[in-house]
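Visitor: I have a structure here and a list of questions. Can we take them one at a time?

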Amino acid sequence: MSVTEQLAAYFSDYRGEWPPALFRDFFVAPPYFRKLEEKRPCLLIGGRGSGKTTSLRSLRFDATSERLQSDGLDSKTLPYFGVYVRINKNRVRAFQGPSVDADQWDRAFSHYFNLLASQELCRLGKWCESNSIPTPNLDVVGDSLCVAASRDCDELNRNITRSLVALETWVNNPSEQTKPLFSMPESPLKYFCEAMSECGALQGKIVFVCIDEYENLLDYQQARLNTYLKHAEPPLSYKIGVKKNGLRTRATIDLADIITAPEDYNEIDIGVDTTDDFVKQVVEHRLELAKQRGVDITTDAEEFLPELPIADEAEALGCLAIANDILLAIAEVDDAPLLEWAQGIPKTSLYLAKYWAEGEKTDVVAQVRDWKSKPSVWSTRLGNYGYASLFWLSKGRKGARIRKYYAGFRTVAALASGNVRYLIELIDESLQAEGGEGDEWGGFVTPKCQTLAARAVGRRRLEQLESVTEHGASIKRVVLGLGKVFFEIARDPVGRAPEQNAFVVAGEHSEQLKLLELLQQGVAHLALEATPRTKATTQSEMKDDEFRLHPIFAPFFEFSHRKKRRITFQAEDLLELLVHPSKAISKLLTERAQTPLEELPQQLALFSSFYGPGPKP
Amino acid sequence: MTQPRGKTRRYDAPSIADVDASAVYVFSSHGTEPRSRSALWAECIAQRPDQVVEIVSSDSASVTVSISGTTSTIQLLDAGGLTGLFRGWSTAYLDISGLAHTVWAPLVRTGLTSLTKFYATYVEPEEYKRHPSPTSVSQFDLSDGFGGVAPLPTFARLPGPVDESNSIFVALLGFEGTRARFVANSLDPVPTAYALVGLPGFRPEYPQYALMSNEEFLAENKAHANVRYAAAGCPFECMDVLADIHREHPGAYMYLAPVGTKPHALGAILYSLDNPQNTELMYDHPQRKQDRTRGVGQMHIYSLKA
């Protein structure tokens with residue numbers, strides 16, 4: 001097995017959830033973890049792959065025990081007892097419809113949640129039993145769940161399953177079937193905690209009920225569980241995982257009462273609370289693990305994923321030919337001192353004169369003269385426009401395999417934008433690209449392989465957009481449209497500020513609201529990122545947000561992944577992407593000339609039927 | 001006419017002589033697809049008007065029917081109300097062609113429990129509408145959007161698997177490649193995935209379209225080796241294949257996504273009714289596009305109970 005194949009084993013877990021044993025090996029506590037472990041209820045907000053589920057699952061009793069063990073501590077001395085409940089959309093959506101009134105559905109759902117959480121508590125009880133921790137008397141718990149008397153956790157679990165089946169029969173035919181006895185909201189959970197406390201298992205510790213995928217709940221169901229969150233008291237506390245914008249209501253069952261942070265709970269936004277240091281730690285921890293197990297590899301993330309300096313990248317993208325053309329042009333005007341001066345400028349900088357001349361629609365020799373007379377202005381210009389000009393270099397390089405590089409640990413981390421799953425996927429794909437090169441591996445991922453991997457991951461994520469939500473098809477159309485617009489802007493510097501890759505929305509209020517609903521969905525599913533300029537508590541306030549495509553798409557569409565300057569788009573033009581993409585893109589680009597379809601990069605050419613004019617009527 | 005359970009009869013242009021004269025006929029009123037209402041039903045309305053139940057409209061929770069000129073609305077979770085459509089009859093034909101899954105699936109359940117002889121019918125379209133500006137290899141334009149994953153009425157399963165790691169996901173594939181992936185994505189992680197493709201298809205090229213459109217689903221879930229085939233128009237062959245898959249995974253809990261052909265969806269519903277303990281249907285509730293199909297093909301008459 002090659003080194004890259006051996007190493008891939010440490011970076012291939014993004015495809016699914018970790019089996020319990022991997023928690024011990026791979027888990028790196030994120031910066032917000034201490035806050036999550038506090039006794040207070042907590043709302044953990046993050047997109048798919050942000051590490052939300054990993055963090056919540058790591059609070060579960062078995063994962064906590066594994067971590068204690070790996071730290072050389074007694075695995076039974078848990079600081080808290082966590083249980084984990086995942087909300088399954090296909091099941092919670094059964095509790096709706098006109099067959100019974102809203103109050104009955106609410107009571108039925110509360111009972112269902114009690115049963116689900118109690119099943120997990122039974123598993124906790126069983127774990128306590130096998131670890132010689134006192135186990136609670138379950139009589140009262142069983143009574144409060146309205147199930148038959150149970151001697152132990154196993155029997156209670158079986159009785160809960162029977163109760164779930166009875167509830168299933170009722171929800172499938174509520175007008176005819178006899179309604180089962182419903183347990184009181186939250187009551188069995190409280191009784192279980194009391195019983196744990198009475199038997200001496202808790203000893204002042206807290207029981208965390210971790211509820212994941214909260215966005216799957218219907219609004220009234222969120223209001224029900226919001227109520228538990230608001231009124232949680234020790235020894236019971238709630239830790240809730242939800243996608244961005246997935247908490248659709250802050251209401252409780254008492255409509256006048258809403259949940260607010262920090263009064264009722266701690267709010268952790270993974271995107272905000274995840275630092276570059278943390279993602280570096282995640283990578284270096286795995287490299288270290290691989291090294292310990294015999295893989296000959298650096299443990300420094302920046303050595304492992306080296307950067308490509310701007311000058312080297314400019315050279316790789318063909319700036320030398322442009323610089324040579326500039327020197328020829330100077331030679332033709334017979335200005336020997338200017339030629340001598342220009343020859344002293346590195347060719348990896350000199351090409352900027354041509355970039356600037358194109359932007360200003362002036363003669364390139366005049367620009368070189370200007371440079372000679374105002375060196376400090378051009379030095380600043382190089383700093384401001386050097387990176388942006390790399391995208392322009394790709395113009396006319398039809399068929400080139402790489403038209404812009406995305407390399408270096410900091411770039412890879414920026415593309416992932418705090419999303420650990422993306423980060424790991426980028427590295428795994430890079431290793432696969434290295435493996436495909438066939439040459440002897442140098443112990444680091446080359447900029448070329450990093451770039452090819454970033455493009456492949458961007459494409460995969462783009463393809464996946466359609467299937468992450470019921471609005472996926474519309475979101476993908478918006479991403480394809482915006483991606484093309486930013487691709488064109490990046491390549492055409494004329495009259496533009498460098499690196500425009502964010503946008504705000506203007507236009508008719510009703511159109512804005514319609515669009516913002518879609519953009520919010522895009523943010524929730526990592527198609528877009530939003531920077532709020534006001535606290536986003538209502539949809540109307542969202543209109544002040546600044547949006548950008550998620551940077552994971554930047555290598556696919558070949559625009560800058562760096563968060564820079566913004567542009568204003570009309571809501572109606574963005575909405576038109578859903579029906580007439582070609583027309584909409586023209587409008588968004590204010591009718592500027594676009595790259596001919598046959599000159600599009602290969603990866604964009606795949607979507608030529610989307611970008612093209614469409615069939616004639 | 002004798003048609004044992006599990007057998008199918010096929011007609012290019014069925015007439016009233018091809019259906020049981022003493023049966024009740026349940027079908028949709030004219031929809032936006034030509035195949036949603038067969039010429040056969042017009043004959044039934046003309047010659048046997050008292051034996052007709054016309055489904056006038058439906059939404060996610062209820063269905064409005066017209067019987068002998070009288071309309072009434074029934075909740076889809078009201079098994080008694082649905083059974084009432086078949087009351088007084090021992091034989092029924094249910095045409096699923098123009099009906100949403102949310103409507104015909106609970107009717108299949110009630111029909112099987114209340115009738116002596118029960119047939120489902122399905123009319124193939126001649127072709128499907130293509131998308132004017134496709135964003136992927138899925139070239140067809142069949143849905144306006146999706147209601148999201150939710151149980152089909154009367155098919156909610158609450159207990160779930162005893163052991164989530166001993167579960168499998170089976171998608172019955174159609175032309176909209178995003179659908180299988182969307183449903184699968186609601187399970188995180190996706191268990192071992194299988195795909196069922198209609199082969200032979202309604203047209204020779206259709207199986208290839210289905211595979212191409214679902215390439216991402218197959219790749220993401222490493223399911224290329226787990227593709228199975230059953231005739232696109234045969235629910236019973238679909239049931240057999242599902243049983244085979246289950247046999248390969250003894251005791252496994254099967255998540256079943258009927259997002260392919262309607263006959264396959266019928267097979268999935270029947271399989272789920274036969275295996276309630278370890279099968280859970282997952283459906284994405286598409287909003288069907290107007291004029292999504294063109295033309296009228298063969299009619300299949302499936303004997304569900306005899």
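Visitor: How many residues of chain B are in contact with chain A, and how many of chain A with chain B?
Guide: This is a predicted model, where local features need pLDDT of at least 70, side-chain atom pairs count only at pLDDT 80 or more, and totals for chains, interfaces and linings use all residues. Residues are numbered from 1 along each chain as its sequence is written, and chains are lettered from A and ligands numbered from 1 in the order in which they are written. Two residues are in contact if their C-beta atoms, placed from the backbone, lie within 7 Å. Counted that way, the contact joins 34 residues of chain B to 39 residues of chain A.

Visitor: Which element gives the most to the side of chain B that touches chain A?
Guide: Helices (H or I, at least four residues) and strands (E, at least two) are DSSP runs, numbered from the N terminus. On chain B, α2 (79–84), β9 (143–146) and α4 (177–185) each supply at least two residues of that side. With 4 residues, the one that gives the most is α4(B).

Visitor: How do the residues of that side of chain B divide into nonpolar, polar and charged?
Guide: Ala, Val, Leu, Ile, Met, Phe, Trp, Tyr, Cys and Pro count as nonpolar, Asp, Glu, Lys and Arg as charged, and the others, Gly among them, as polar. The side of chain B that touches chain A then divides into 15 nonpolar, 14 polar and 5 charged.

Visitor: Which helix gives the most to the largest nonpolar core?
Guide: A residue is buried if 20 or more other C-beta atoms lie within 10 Å of its own, exposed if 12 or fewer, and partly exposed in between, with C-beta atoms placed from the backbone. A nonpolar core is a set of buried Ala, Val, Leu, Ile, Met, Phe, Trp, Tyr and Cys residues joined through C-beta atoms within 7 Å. The largest has 162 residues, and A:Val209, B:Val26, B:Ala92, B:Ala171 and B:Leu196 touch the most other members. The top contributor, with 13 residues, is helix α7 (residues 102–130) of chain A.

Visitor: What is B:Leu196 in contact with, leaving aside its neighbours within four places in sequence?
Guide: Several partners are nonpolar by the grouping above, including B:Val170, B:Leu172, B:Leu173, B:Ala230, B:Cys238 and B:Val241. The others are B:Arg228, B:Gly260 and B:His264.

Visitor: Why is B:Ser114 called partly exposed?
Guide: B:Ser114 lies in helix α3 (residues 101–114) of chain B. Leaving out residues up to four places away in sequence, B:Ser114 touches B:Thr83 and B:Phe86. The label comes from a count within 10 Å, because B:Ser114 has this many other C-beta atoms there: 19.

Visitor: Where do the buried residues of α5(B) fall, seen down its axis?
Guide: In helix α5 (residues 206–213) of chain B, the buried residues are B:Tyr209, B:Ala210 and B:Ser213. What covers them includes α4 and β11 (192–198) of chain B. The arc is that of the directions from the helix axis to the C-beta atoms. They line one face of α5(B), because they fall within an arc of 100 degrees.

Visitor: What is the strand order of the open sheet of 5 strands in chain B?
Guide: Two strands pair if DSSP finds at least two bridges between them. β11(B) and β12(B) pair in the parallel sense over 4 bridges. The pairing of this sheet is parallel, and its order is β12-β11-β10-β13-β14.

Visitor: At about what angle does helix α8 of chain B run to β13(B)?
Guide: Axes are lines fitted to C-alpha atoms, for helices over the stretch in contact, and angles run from 0 to 180 degrees between N-to-C directions. Helix α8 (residues 262–274) packs on the sheet, touching β10, β11, β12, β13 and β14 of chain B. Its direction and that of β13(B) make about 150 degrees.

Visitor: Which strands stand at the edges of the sheet of 4 strands in chain A?
Guide: This open sheet has the order β7-β8-β6-β9, and the pairing is mixed. An edge strand here has a single partner strand, so one side of it is left without a neighbour in the sheet. The edges are β7 (528–531) and β9 (565–570).

Visitor: What share of the residues in chain A is buried?
Guide: Chain A has 31 helices and 9 strands. Of its 617 residues, the buried share is 49%.
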